[in-house]
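Trainee: Could you take me through one part of this model in detail? I'd like to start with a single side chain on the outside and work from there.

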Amino acid sequence: MQIPQGEIMADLDEISSENRIPMNYQGIGIRFVSLVIDSLITSALFGAVVTVLGMGAMRHGMIPWSWGLLSFAFYIAYYAYLEGTRGQTIGKMITKIKVVREDGSPIDMNQAFTRNILRVIDGLFAYLIGAILIWRSDKQQRLGDSVAKTVGVKA
C-alpha cells in the first residue's frame, strides 16, 4: 500500500505543531517598562564608568562627542551581551520577558547584536517607529526583531 505524499506532509505538520510551544508574544506596555528599567541601569552603569574614567579623559583632551559614541557602544553592548548569552536583560528578567528565535529556540550573539543595533531606527521619535511596527506585527516584532528573526515572549 502506498501512502500519498500529501498525507505524509499533513501528518508531519500535525506532529510538529503538536510539539510546538505556544508563544506568548509580549506587547508594547511590558516592553516599555523593561526598556525604562534597562535605561535606568545602563545610565547608572555608564555614569559610574564616566565618573571613574572621566577625570583622566578630561585631562587627556577627550572630545565631548566621543562620550556620545562611547555611551551608544555601552548601551548596545549591554543589550547584545545579555540577550545573546541569557536571552534577557536585567529589565527583561524583572518583567519576565525573554528574547528567542521565531521558532522558540535561544538566540545567538549575532541575532542579539542585529536586533539591538537596529534600535537606532526603532528608537526614532521616542520609539514611535518601534511601537508602530510592534502594533502592526502579528508577532509583536519591531524592526530589529523582524530582521534578526526574533520575538519577545513571556519568560
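Mentor: Sure, let's start with tryptophan 135, which is exposed, with a relative accessible area of 60%; the cut-off for exposed is over 50%. Keep in mind that this is a predicted model. Tryptophan 135 sits in helix 7, and it belongs to a nonpolar surface patch of about 790 Å². Its partners in that patch are Phe72, Val120, Ile121, Leu124, Phe125, Leu128 and Ile132. Helix 7 (124–136) provides the largest share, five residues, while helix 6 (119–122) also puts in at least two.

Now for the inside. The largest nonpolar core has six residues: Leu35, Tyr75, Ile76, Tyr78, Tyr79 and Leu82. Five of them come from helix 3 (residues 64–86), the top contributor to this core. Have a look at tyrosine 78 while you're there. Leaving aside residues up to four places away in sequence, tyrosine 78 touches Asp38, Ile41 and Thr42, and also Thr89, Ile90 and Gly91.

Last, the strands. Strand 1 (residues 97–101) pairs with strand 2 in the antiparallel sense, over five bridges. To get your bearings in that pairing, find lysine 98, which stands opposite valine 153 of strand 2. Strand 2 covers residues 150–154, and four of its five residues are buried, so the rest of the structure largely encloses it. That's quite a contrast to where we began, with tryptophan 135 exposed.

How values were computed: Residues are numbered from 1 along each chain as its sequence is written. This is a predicted model: local features need pLDDT of at least 70, side-chain atom pairs count only at pLDDT 80 or more; totals for chains, interfaces and linings use all residues. Side-chain values use heavy atoms; hydrogens and water are left out. Buried means under 20% relative accessible area, exposed over 50%, partly exposed in between (1.4 Å probe, protein chains only). Two strands pair if DSSP finds at least two bridges between them. A nonpolar core is a set of buried Ala, Val, Leu, Ile, Met, Phe, Trp, Tyr and Cys residues joined through side-chain atoms within 4.5 Å. Contact means heavy atoms within 4.5 Å. Patches are made of residues with over 30% relative accessible area and no salt bridge: like charges are joined within 9 Å, nonpolar side chains (Val, Leu, Ile, Met, Phe, Trp, Tyr) within 5 Å. Accessible areas come from the Shrake-Rupley method with a 1.4 Å probe; for residues, only the protein chains shown count as cover. A salt bridge is a side-chain nitrogen of Lys or Arg within 4 Å of a carboxyl oxygen of Asp or Glu.
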